[in-house]
Amino acid sequence: MNIDQGAFGQVATILAKQFDSLYYVDIESDNFIEFFHSQMLDEMNLPKQGTDFFAFLSEQARRVVHPDDMEYVLQMINKESLLEKLSENNSSLVVCRFILGGRIEHICHISIMCEDGKHILGCIKNVEPEFMEREEQEALLTSVERLARLDELTGVKNKNAFTEYVNEIEEKLGSGDTDMEFGVVMCDINDLKLINDTRGHYFGDESIQRACRMICDVYENSSVYRVGGDEFAVILSGEDYERRKSLLNKLKKESEENERMRSGPVLACGMAVFDPDIDKSFYEVYERADAKMYLNKSELKTGNLTERVKKPLGNVSIPDERKRKLDSLFGALYTVAGDGYVFLTDLKYDFSRWSLSLINDFGLPSEYMYHVEKIWEYIIHPDDVGRYLEVVDSVLQGNAVLYSISYRARRADGSYITLKPRGFVLNDSNGEPEYFGGIIIPQ
């Protein structure tokens, strides 16, 4: 079988060493080629190439997959089921247990539909270390009672704890205690569904964790609760209650700055205070705070910066079809590269897409940017700009030979970090450079 020299194949070949196995499948013929496999998979005696891939995959699964995971895995790797999944999302993820040499290993299997719709790129990675680390962390939470009241993702109190505390307040109100002083702040993360749909739940979880830290840093003396997927409630008391207006303004300003600079999660917030003259229950205060939060959410969306893209300077805007292709290639690159600083530029339109981690850590204006080389130039230390511009000029002039360089770049907090890019150039059918991309590695 001839390997497709398209962009997916080139990207995969460059970054393949991050996986334990990488193979390429022709959907029409079911022929396949394995690029390589690690020592971990040696005992499976995997062939370098073969035919009837899905039958081969099923046979291997029956040999090494843990019996408890077998039914799930066989269903997920069935050709019809897999192609249906790939037609919807362009990628499919299966996590299961292998039994190799008498030991159990958690394995992640990623399938990616190539742009031509005729080939699949398959990647296998051993994720046992991640599972072991998670088990060690979970072992620290040995108290069942504590687990029942803590949110596992963020570490703050969960909805169970919130309900218990609210019941205590309701009992006091029911007993005629109208001298209580408390307030409620409701917070909701903007665009979390969009983040989950486009970046995956890993980025969504990270956004929830960062949002929680923002809230806890502002309300240091009050109880913070995660009461829904992307919703948090704060019950104000003591010093936080006395400073409630200034603290709410602080949280809103930080959120607005995150939106403007693309430097963190954007929170919609609303606050209400218990008034004994009108409030007969806690939930009357809660509902007013919730309504104000949704009003703030609408205000934020009116001035939303998340969809803004810098305009080309005198050049033609990138067509929607090219932008979709850039997104598709970027998705494949990011999937293969894993978490980190990833970038990809359409050289025909000088239009780039950069990973959110780059945007957040360096305070860039957007993940989509025209003439990003000019924007990034101001991030680089003045003493290192010369070397950076040499590489940029070489790439923009069509030179596919890349120099190995490192330079210092300024993060959003003003500190500098040394970076080493690992880039590649993808050529079009005429042999002309069409895309420039890669990963940037902190040193």
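User: Glad to look at this one with you. Among contacts between residues at least 6 apart in sequence, what percentage join residues at least 24 apart?

Analyst: Happy to help; please keep in mind that this is a predicted model. The protein has 16 helices and 16 strands. Taking its contacts between residues at least 6 apart in sequence, the share that joins residues at least 24 apart is 54%.

User: How much of the protein counts as buried, and what area does the protein expose?

Analyst: Of the 443 residues, 48% count as buried. Carbon and sulfur atoms supply 48% of the exposed surface, and that surface comes to about 22600 Å².

User: Let's turn to the sheet. Which strands stand at the edges?

Analyst: The open sheet is built from 6 strands with antiparallel pairing, in the order S13-S12-S11-S16-S15-S14. Two of these strands have a single partner each, so one side of each is left without a neighbour in the sheet. Those edge strands are S13 (368-370) and S14 (407-410).

User: Within that sheet, which residue is the bridge partner of Leu 344 in S16?

Analyst: Strand S11 covers residues 341-346 and runs antiparallel to strand S16, residues 433-442. The two are joined by 6 bridges. For Leu 344, the bridge partner in S16 is Gly 437.

User: Which helix packs on the sheet?

Analyst: The helix in question touches S11, S12 (351-354), S13, S15 (416-427) and S16. Its direction makes about 155 degrees with that of S11. This is helix H13, residues 320-337.

User: Now for a helix pair: is H2 roughly parallel or antiparallel to H3?

Analyst: Helix H2 (residues 53-64) packs against helix H3 (residues 70-77) with axes 10 Å apart and an angle of about 170 degrees. Angles over 145 degrees count as roughly antiparallel. That makes the arrangement of H2 and H3 roughly antiparallel.

User: And how many residues of the contact of H2 with H3 are nonpolar?

Analyst: H2 contributes Phe 54, Leu 57, Ser 58, Ala 61 and Arg 62, which meet Met 70, Val 73, Leu 74 and Ile 77 of H3. Of the residues in this contact, 1 is polar and 1 is charged, while the number of nonpolar ones is 7.

User: Last one: is Phe 282 buried or exposed?

Analyst: Phe 282 lies in helix H12 (residues 282-302). Beyond four places away in sequence, Phe 282 touches residues including Phe 162, Leu 173, Val 184 and Ile 235. Val 184 is 98 residues away in sequence, yet its C-alpha is 9.1 Å from that of Phe 282. With a relative accessibility of 0%, Phe 282 counts as buried.

Note on methods: Residues are numbered from 1 along each chain as its sequence is written. This is a predicted model: local features need pLDDT of at least 70, side-chain atom pairs count only at pLDDT 80 or more; totals for chains, interfaces and linings use all residues. Side-chain values use heavy atoms; hydrogens and water are left out. Two strands pair if DSSP finds at least two bridges between them. Helices (H or I, at least four residues) and strands (E, at least two) are DSSP runs, numbered from the N terminus. Contact means heavy atoms within 4.5 Å. Axes are lines fitted to C-alpha atoms, for helices over the stretch in contact, and angles run from 0 to 180 degrees between N-to-C directions. Buried means under 20% relative accessible area, exposed over 50%, partly exposed in between (1.4 Å probe, protein chains only). Accessible areas come from the Shrake-Rupley method with a 1.4 Å probe; for residues, only the protein chains shown count as cover. Angles under 35 degrees count as roughly parallel, over 145 as roughly antiparallel, 65 to 115 as roughly perpendicular and the rest as oblique. Ala, Val, Leu, Ile, Met, Phe, Trp, Tyr, Cys and Pro count as nonpolar, Asp, Glu, Lys and Arg as charged, and the others, Gly among them, as polar.
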